[in-house]
Number of protein chains: 2
Amino acid sequence: MTMTAITQEGRTATGSATQVAGPVTLMNGFVVSPDRDEAFYALWSRTSQYFRAQPGFVSLRLHRAISPDATHRWVNVANWASEADYRAAHATEEFRRVVTQDGWQEFPSSPTLFEVHSAVG
Amino acid sequence: MTMTAITQEGRTATGSATQVAGPVTLMNGFVVSPDRDEAFYALWSRTSQYFRAQPGFVSLRLHRAISPDATHRWVNVANWASEADYRAAHATEEFRRVVTQDGWQEFPSSPTLFEVHSAVG
């Protein structure tokens with residue numbers, strides 16, 4: 001089991017030099033061994049309740065890799081109305097409490113913020 | 001500049017032990033240095049013409065990281081009707097020709113197939 005010190009900063013995507021104006025998409029990959037899917041999902045589901053209630057949260061899709069050998073077997077893709085909304089949701093005391101709770105140290109995550117550059121279909 | 005041998009297999013996501021039945025989502029991250037965005041997008045755009053014409057292609061969103069220090073600064077998230085459709089599109093001679101063309105060796109990619117586990121909004 002990987003044990004990593006969990007901090008509020010480590011669970012938040014790096015920002016842009018100047019905040020982007022439009023909507024942003026978070027992609028957050030999680031390292032989860034296949035026999036721990038149930039524990040991961042229970043923890044993620046509780047944690048996501050917090051985000052879903054924040055101003056500027058738009059939508060999310062939680063993905064699971066079809067192959068067991070992916071590094072990040074679970075990836076959350078979440079849309080936010082703006083980078084400022086994303087930042088505000090990750091700067092609260094409740095966020096700090098949620099992501100430093102027991103359990104998360106087992107599942108390292110790799111959050112990155114994107115803009116949608118182009119879309120088809 | 002990173003030079004990597006480009007093969008049809010290296011540009012295709014690892015499969016599941018038994019093919020999954022429903023829709024699948026490809027996430028394909030690309031290593032692109034910030035000063036090469038234009039060259040990358042020109043190549044990606046030409047290549048995506050092939051995929052968009054294949055049976056079972058549903059939609060895609062091409063994302064660019066808002067921070068220059070992301071490992072995979074560009075990520076394509078593409079929905080396919082089934083894993084079989086995704087596999088078929090990656091098994092053709094035209095696919096081999098498209099991904100082994102000059103230019104792609106500059107942009108290593110990391111393709112992974114997922115199922116959507118849960119969605120909100």
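Helices and strands here are DSSP runs, numbered from the N terminus, with at least four residues for a helix and at least two for a strand. With that in mind, begin the tour of this predicted model by selecting Val31(A), which sits in the loop between E1 and H1 of chain A.

**A residue in a loop**

Val31(A) is partly exposed, because its relative accessible area of 32% falls between the limits of 20% and 50%. If you show its surroundings, leaving aside residues up to four places away in sequence, you will find that Val31(A) touches Thr71(A), His72(A), Glu106(A), Phe107(A) and Pro108(A). Now add Leu113(A) to the selection: from Val31(A) to Leu113(A) there are 82 residues in sequence, and their C-alpha atoms are 18 Å apart in space.

**The core of chain A**

Leu113(A) leads on to the largest nonpolar core, a set of 27 residues in which Leu113(A) is listed among those with the most contacts, together with Phe30(A), Phe40(A), Trp44(A), Trp80(A), Tyr86(A) and Trp104(A). To see where this core comes from, colour the chain A elements that give two or more residues to it, namely strands E1 (24–30), E2 (57–65) and E3 (74–80) and helices H1 (37–52), H2 (83–89) and H3 (93–99). Which element gives the most to this core? That is H1(A), with five residues.

Next, centre the view on Trp44(A), which, again without residues up to four places away in sequence, touches Phe30(A), Leu60(A), Leu62(A), Asn76(A) and Trp104(A), and also Ser118(B) from the other chain. Apart from this core lies another one, of 26 residues, including Phe40(B), Trp80(B), Ala89(B) and Val99(B).

**Aromatic rings**

Turn now to the rings, for which a search of the whole structure finds 28 aromatic pairs over all chains. Select Phe40(A) and Trp74(A), whose ring centres are 5.1 Å apart and whose planes meet at 50°, so the pair is tilted. Since Phe40(A) belongs to helix H1 and Trp74(A) to strand E3 of chain A, the pair ties together parts that are 34 residues apart in sequence. Are these two residues buried or exposed? Both Phe40(A) and Trp74(A) are buried.

For a pair in chain B, select Trp80(B) and Tyr86(B), where the centres are 6.0 Å apart and the planes stand at 85°, so this pair is edge-to-face; Trp80(B) and Tyr86(B) are buried as well. Back in chain A, ring pairs link Phe30(A), Phe40(A), Tyr41(A), Trp44(A), Trp74(A), Trp104(A) and Phe107(A) into a cluster.

**Helix H1 of chain B**

Select residues 37–52 of chain B, the 16 residues of helix H1, which should span 22 Å at 1.5 Å a residue and whose end C-alpha atoms, 21 Å apart, agree with that. The buried residues of H1(B) are Asp37(B), Phe40(B), Leu43(B), Trp44(B), Thr47(B), Ser48(B), Tyr50(B) and Phe51(B). What covers them includes strand E4 (109–120) of chain A, together with E1, E2, E3, H2 and H3 of chain B.

**Where the chains meet**

Finally, show both chains and the contact between them, which takes 40 residues from chain A and 40 residues from chain B. Chain A and chain B bury about 3000 Å² between them, with 67% of it on carbon and sulfur atoms. Highlight Ile66(A), His117(A) and Val120(A), which supply 25% of the area that chain A buries against chain B, more than any other three residues.

A turn of 180° with a shift of 0.0 Å along the axis lays chain A on chain B with an RMSD of 0.0 Å, which is the relation of a two-fold axis. The copies meet through the same surface, because 100% of the interface residues of chain A are also interface residues in chain B.

Methods:
Residues numbered from 1 in each chain as written. Chains lettered and ligands numbered in written order. Predicted model: local features only at pLDDT ≥ 70, side-chain atom pairs only at ≥ 80, totals over all residues. Heavy atoms only, no water. Least-squares fit on C-alpha atoms with pLDDT ≥ 70 in both. Contact = heavy atoms within 4.5 Å. Core = buried A, V, L, I, M, F, W, Y, C linked by side-chain atoms within 4.5 Å. Buried < 20%, exposed > 50% of the residue type's maximum accessible area, 1.4 Å probe, protein only. Expected span 1.5 Å × (residues − 1). Phe/Tyr/Trp six-rings, centres within 6.5 Å; stacked < 30°, edge-to-face > 60°. Buried area = accessible area lost by both parts, 1.4 Å probe.
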